[in-house]
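Q: Please take a close look at chain C, describing how its own parts are put together and how it meets its neighbours. A connected account suitable for a first-year student would be welcome.

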Amino acid sequence: MNAAQQKETWFGQAVRRLEDDALLRGKGRFVDDIHLPGMLHAAFLRSPYAHARLGAIDTAAAQALPGVVRVLTYQDLRPLLTCDRIPLAMPSGAIRFDVDPFVLARDEVCHVGEPIALVIAESRHVAEDALGLIGVTFDPLPAIVDPREGLKDGAPQARLDCPDNLVAQMSAAYGDVDGAFAGAAHVIAEDFHIHKGGGHSIEPRGLVARFDAGEDLLTVWDSTQMPHQAKRVLVRTLGLAEHQVRVVAPDVGGGFGPKFVFHPEELAVAAAAVLTGAPVKWIEDRFENFMSTVQERDQYWSVEAACDAEGRLMGIRGTLVHDHGAYTPYGVALPYNSATNLIGPYVLPSYRLDIALSLTNLIPSTPTRGAGRPQGTFVMERLLDRLAERLGLDRAEIRRRNLIQPAQMPYDSGLKTRDGGSMIYDSGDYPQCMARALAHAGWDGFEARRAKARAEGRVIGIGLSNYVEGSGRGPFESASVRIGPSGKVVVTTGAAAQGQGTVTMLAQVVADGLGVRPDAVSVIAGDTAASPLGLGAFASRQAVTAGNAAHQAAGEVRAKVLKVASQWLEADPEDLELSAGRVHVKGVPGRGRSLGEVASALAGLPGFALPPGTPPGLSAAVDYQPKGMTYCNGTHVCEVEVDPATCIVSVTRYVVVHDCGRLINPMMVDGQIIGGVVHGLGTALYELMAYGDDGQPLTCTYADYLLATADTSPRIEVHHMESPSPLNPLGVKGAGESGTIAALAVIASAVEDALKPFGVAVRDLPATPSRLFALMHPDLATPEARL
Amino acid sequence: MKAAPFAYHAPATKAEALDMLAGLDDARVLAGGQSLLPMMNLRLAGPTHLIDLNGVPELAGISRAGDALVIGTMTRQRAAERAALVHEACPLLAEAMEHVGFQQTRNRGTVGGSIAHMDPTAEIPVAASALDAMLTVESAAGARQFPIGELAEGYLMTQIAPDEMLTRVALRLWPKGHGHAFEEVTRRGESFCVVCVAALATLDASGAFSRLAIAIGGLAEAPVRLSGIEADLVGARADQDAFRAAGAAAGALAADEAPFAPPAYKRHLAGVLTERALARAAGRARRAAA
Amino acid sequence: MSERVRIALTVNGTPREGEVEPRAHLCDFLRHSLHLTGTHMGCEHGVCGACTVLLDGESVRSCLTLAVQARGRAVTTIEGVALPDGTLHPIQEALSAHHGLQCGYCTPGVVMTLIELQRDLDGGPADEASVRRALAGNLCRCTGYQGMVDAALSVLNAAPRAAAQ
Ligand code: FES
Ligand code: FES
């Protein structure tokens with residue numbers, strides 16, 4: 001840490017990350033780095049069909065291959081389990097059918113890649129050799145690939161155990177929307193198709209499971225965002241007691257949503273470890289990742305917007321068909337997030353969105369970074385662009401007329417959040433945020449730039465998008481702060497880290513409370529043995545929930561230190577301070593004690609009294625329960641250049657003004673935003689999980705499915721506003737997903753702006769060159785349903 | 001994603017390698033491995049025997065023989081990209097090479113491996129086609145030569161027999177003062193070609209084409225030479241009309257269906273890139289003459 | 001199972017030996033035979049770059065190089081980048097200072113790519129576009145690349161003495 005960081009408070013400083021040193025030296029400990037004596041390796045046989053009845057499985061030849069230990073099917077694992085299916089779906093009255101997944105396919109396979117059998121062998125190589133020797137008879141069935149097709153009368157069933165494909169239906173609604181349309185000056189209608197891809201952490205999923213019969217303990221090292229949830233599922237399905245299962249998330253090479261979800265392989269491998277008595281490792285390879293890790297995929301929106309003569313929104317109504325995939329490992333929150341996020345920072349007097357979740361024979365659909373919100377933002381922002389066009393207004397002007405004003409905060413949007421509370425925006429100055437972004441990006445000077453570019457034969461465009469993100473979701477997160485006689489400060493938390501800098505963030509918060517340097521704080525995250533309670537990483541929540549829990553716990557420890565020290569030093573607590581690992585009289589560092597000495601006194605000696613009036617131990621544990629969601633917001637402006645001859649889009653400038661309340665570590669917040677934007681840029685321009693009409697995935701390598709790269713990503717300028725959240729003591733809001741949320745909309749807006757002279761309207765994402773070509777040359781293009 | 005088992009052979013000489021090819025059933029040669037090894041990891045390829053050519057020094061090297069640039073099959077792409085001789089005598093190849101894969105794959109990938117693999121969107125075969133490459137293929141029984149245009153026999157299939165291997169590529173060099181250009185549209189940034197075009201041109205004193213060559217990749221299983229329009233344009237002024245005529249000829253070619261690249265889009269790109277490549281090549285020739 | 005082959009090579013300056021199946025790629029060998037787990041695997045088909053190591057000084061995909069092919073050659077992995085006394089290489093140092101890593105999974109490959117770039121530039125100046133191009137073969141899902149680009153530029157364009165430290 002440099003000299004500039006030797007400040008009084010660590011909160012707000014761009015402290016260098018405590019995580020970095022080990023990672024930079026190749027000394028991280030990711031799940032595939034774990035090597036246990038006697039460890040066996042697993043490989044899964046996966047369905048080659050999108051939909052089929054499962055017949056006999058002949059494992060004899062595979063079992064006979066030298067090096068193979070066991071070949072397991074559903075029938076082999078079921079006796080170990082307490083239930084037929086893995087109970088995963090979050091409670092929702094809207095879900096009509098039980099489509100929780102099985103540990104391995106039982107009588108039906110419902111997507112390509114669904115695990116059918118598991119080979120346990122001495123090496124991964126041999127396990128894969130054995131897969132080819134397993135004989136399975138399939139009775140292929142029609143597959144539903146397009147969620148809209150699946151909802152039509154007479155459509156084949158995506159699952160034989162469900163009478164139809166409408167797995168859930170719900171609406172998000174308030175106000176008199178039909179009345180609004182009846183009285184509107186302008187009404188527009190649009191259809192949108194948004195494809196959002198997978199999470200694509202560069203580290204795939206994976207786990208090592210070991211059942212120690214002597215200790216009667218199942219330990220699972222799992223590349224997960226949710227170790228506590230994984231433990232709960234394992235406890236329940238394996239019929240074990242809480243103390244018999246420990247789940248550790250070691251270093252996790254990125255999450256981005258899919259590692260929030262418990263997948264059948266996690267149970268299958270754990271069960272195999274119980275069955276074989278040996279540690280078992282399974283590391284997902286990239287090919288499997290494309291066929292079995294949950295993704296986000298398609299939404300089809302048909303919406304109308306109504307506004308008055310000045311362009312003020314009066315109502316939005318329409319329908320959303322959401323591709324749910326073949327199972328429910330999550331719930332209905334994904335499309336609901338889309339629906340609620342549509343409102344964004346705007347005054348929308350009335351709203352009704354009817355949502356249908358359609359079962360398909362594809363991988364289950366669950367949140368990836370942004371979690372449905374980018375789609376909602378995309379739809380609202382596209383509608384505003386259209387209304388601006390209709391009314392002949394500047395795209396910034398129509399937004400100005402509709403933004404929620406600071407005086408309206410806290411603002412009740414009219415909708416309910418998923419936990420049943422009201423969706424109330426807590427703070428923020430949306431008009432100023434947009435104004436700053438426009439100023440930074442030179443919005444007003446763009447037409448001059450466009451004219452100059454045109455004179456040089458170049459085609460450029462500019463786009464604008466606002467967004468709001470509900471972050472810091474509850475119900476709670478845990479953190480405890482403990483100082484032992486060694487003087488070391490240890491924080492344990494139920495939060496989990498996949499690269500966000502959670503360790504550094506918590507160390508900064510606690511360092512301030514205890515007057516130590518952040519690098520004197522050890523943080524243990526993601527280990528169910530260290531924190532009995534916890535949730536994990538989702539919904540951009542950990543700075544809010546774990547951050548405040550750690551803040552409060554550090555405050556309690558501090559109070560105890562002061563109390564003990566004031567007795568020893570015969571000084572008023574107000575006259576004491578904590579610094580450099582000591583508590584001492586203000587201004588007299590010599591008159592004090594180290595934190596270790598205080599901890600020693602509180603650790604107790606046999607037969608000696610503790611300092612009067614103090615319970616033993618120098619620690620505090622807090623389960624912080626947020627009062628409500630806290631809403632961050634921002635504005636993105638970007639410029640693109642499009643080669644109209646090749647339809648290649650390059651993003652040439654990208655400006656973000658972002659407000660996530662008080663910043664704990666601005667460098668890490670910037671990192672979250674920039675990473676999020678580039679993820680969204682990939683979604684907007686490149687990422688497309690394509691399927692054939694038979695449900696076969698067509699893009700199962702990184703040569704087919706394209707992530708944004710260094711050479712296709714622009715420099716992203718991030719500017720901050722800091723409207724503290726009134727809902728938590730630190731005044732912080734989440735930041736993990738917000739970069740992604742506006743990226744889809746702003747890039748679409750800019751591409752459309754560039755190509756408007758060529759008659760292009762962007763309604764589908766990703767806006768790939770071949771799609772743009774088809775829009776520019778409707779006469780030449782062949783219809784491509786899915787590419 | 002682990003390769004199926006195979007027997008590994010590491011010959012030290014070409015003769016040894018050819019004997020192995022003659023004697024072993026279901027054998028494949030391993031050049032740079034940047035296409036074959038991913039296919040083996042995915043178990044899309046699974047030869048019984050793998051004959052690794054990386055220990056055969058005589059198969060690599062770049063030299064000049066009269067009006068030909070002779071490139072040993074095992075010459076690393078990165079070596080060709082950086083070789084002074086290539087830059088000086090065959091700048092088209094150097095320019096094409098920059099578009100091939102990633103630096104980390106070019107460090108290992110070979111010129112011959114790319115040609116023998118015959119990926120429809122690979123850049124090296126396209127440049128080689130514009131340069132009238134003559135391929136030498138050898139087996140234990142002897143050597144034979146044929147032009148690159150005769151190599152492909154179908155998608156990722158070539159006329160190289162199971163007991164043969166590509167050993168040498170001879171590129172016909174163009175005279176000093178020629179112009180060259182390589183144009184490409186990718187699916188993303190530097191990677192994953194959709195359509196690419198290589199163009200070469202010389203101009204006479206009046207500014208008319210005296211010779212030109214245009215090859216296009218990505219449309220079909222193998223590079224396509226625009227022989228008809230090449231002949232038509234000899235003697236024509238190297239101006240916008242000529243470039244456009246070449247583009248129109250390219251845009252009229254047939255294009256295969258491919259994921260993410262519908263034929264109409266690929267034909268369109270062939271036209272656009274041909275026009276651009278020829279314009280750039282002619283411009284270079286003009287500047288060289290001046 | 002195919003028979004195993006003995007190989008000897010130099011890894012991070014130290015002679016190492018091992019026994020491998022011919023089908024084992026260099027990445028599996030480094031990680032699982034030598035327990036040098038700093039080199040990561042993200043795709044095993046040559047696109048993500050997480051497995052990048054230096055083979056005789058040149059960056060290669062260790063997932064697309066067989067372990068047997070490294071026989072007699074010198075491999076450098078992330079574990080061999082810092083100085084023997086533990087001092088981080090300037091590129092490692094800069095990646096931390098510029099927040100060029102988050103989860104750290106892609107980082108070893110990024111470091112190897114940038115070390116090669118630094119050597120290729122040989123003290124010549126680097127611009128942002130060329131750094132971005134050089135990194136095109138290293139996928140990162142966390143950082144949006146900006147921190148690593150800034151880190152690279154800071155090292156490559158630093159005064160020569162600082163870069164040599
Ligand atoms: S693992 Fe080797 S390039 Fe991805
Ligand atoms: S830091 Fe996580 S993938 Fe690059």
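A: In this predicted model, seven residue pairs, both members at pLDDT 80 or more, are in polar contact across the interface between domain 1 of chain C and domain 2 of chain C. On the side of domain 1 of chain C that touches domain 2 of chain C, the elements giving two or more residues are β3 (52-55) and β4 (58-61) of chain C. Sorted by class, that side of domain 1 of chain C holds seven nonpolar, nine polar and two charged residues. As for salt bridges between domain 1 of chain C and domain 2 of chain C, the rule finds zero. Placing domain 1 of chain C against domain 2 of chain C buries about 1,200 Å², and carbon and sulfur atoms give 56% of that area.

The two domains themselves can now be located along the chain. According to the domain assignment, domain 1 of chain C covers residues 5-80 and domain 2 of chain C covers residues 90-156. The centres of these two domains of chain C, taken over C-alpha atoms, are separated by 21 Å. In the contact between them, 18 residues come from domain 1 of chain C and 14 residues come from domain 2 of chain C.

The next topic is the fold of the whole chain. Chain C contains six helices and five strands. Read from the N terminus on, the order of these elements in chain C is β-β-α-β-β-β-α-α-α-α-α. The radius of gyration of chain C is 16 Å, and the globule rule gives 15 Å for 165 residues; the two values are close, so chain C is as compact as a globular protein of that length. Along the principal axes, the C-alpha atoms of chain C fill a box of roughly 50 × 30 × 25 Å.

Chain C also has partners, and chain A may be considered before chain B. The contact between chain C and chain A takes 51 residues from chain C and 55 residues from chain A. About 4,300 Å² is buried between chain C and chain A, with carbon and sulfur atoms giving 55% of the area. Of the area that chain C buries against chain A, 19% is supplied by H99(C), R141(C) and Q146(C), more than by any other three residues.

Charged side chains take part in this interface as well. The rule finds seven salt bridges across the interface of chain C and chain A. One of the salt bridges joins the side chains of R31(C) and D33(A), at 2.8 Å from N to O. Polar contacts across the interface of chain C and chain A number 23 residue pairs, both residues of each pair being at pLDDT 80 or more. On the side of chain C that touches chain A, at least two residues each are supplied by α1 (26-33), α2 (90-97), α4 (128-134) and α5 (146-156) of chain C. The largest share of this side comes from α2(C), with five residues. By class, the side of chain C that touches chain A comprises 22 nonpolar, 17 polar and twelve charged residues.

The remaining partner to describe is chain B. In its domain assignment, chain B has domain 1 (7-51), domain 2 (61-172) and domain 3 (179-285). Between the centres of domain 1 of chain B and domain 3 of chain B, taken over C-alpha atoms, lie 36 Å. Where chain B and chain C are in contact, 32 residues belong to chain B and 33 residues belong to chain C. The area buried between chain B and chain C is about 2,600 Å², and carbon and sulfur atoms give 49% of it. Y8(B), Q104(B) and R108(B) supply 25% of the area that chain B buries against chain C, more than any other three residues.

Across the interface of chain B and chain C, the rule finds five salt bridges. One of the salt bridges pairs E190(B) with R133(C), whose closest N and O atoms are 3.0 Å apart. The rule also finds 18 residue pairs in polar contact across the interface of chain B and chain C, both residues being at pLDDT 80 or more. Among the elements of chain B, α2 (36-41), β3 (49-52), α3 (77-82) and α6 (103-106) each supply at least two residues to the side that touches chain C. Of the elements of chain B, α6(B) gives the most to this side, with four residues. By class, the side of chain B that touches chain C has 13 nonpolar, nine polar and ten charged residues.

How values were computed. Residues numbered from 1 in each chain as written. Chains lettered and ligands numbered in written order. Predicted model: local features only at pLDDT ≥ 70, side-chain atom pairs only at ≥ 80, totals over all residues. Heavy atoms only, no water. Domains from an automatic or database assignment. Contact = heavy atoms within 4.5 Å. Buried area = accessible area lost by both parts, 1.4 Å probe. Salt bridge = Lys/Arg side-chain N within 4 Å of Asp/Glu carboxyl O. Polar contact = N/O pair within 3.5 Å; in protein donor to acceptor, adjacent residues only side chain to side chain. Nonpolar A, V, L, I, M, F, W, Y, C, P; charged D, E, K, R; others polar. Rg over C-alpha atoms; globule rule 2.2 N^0.38 Å.
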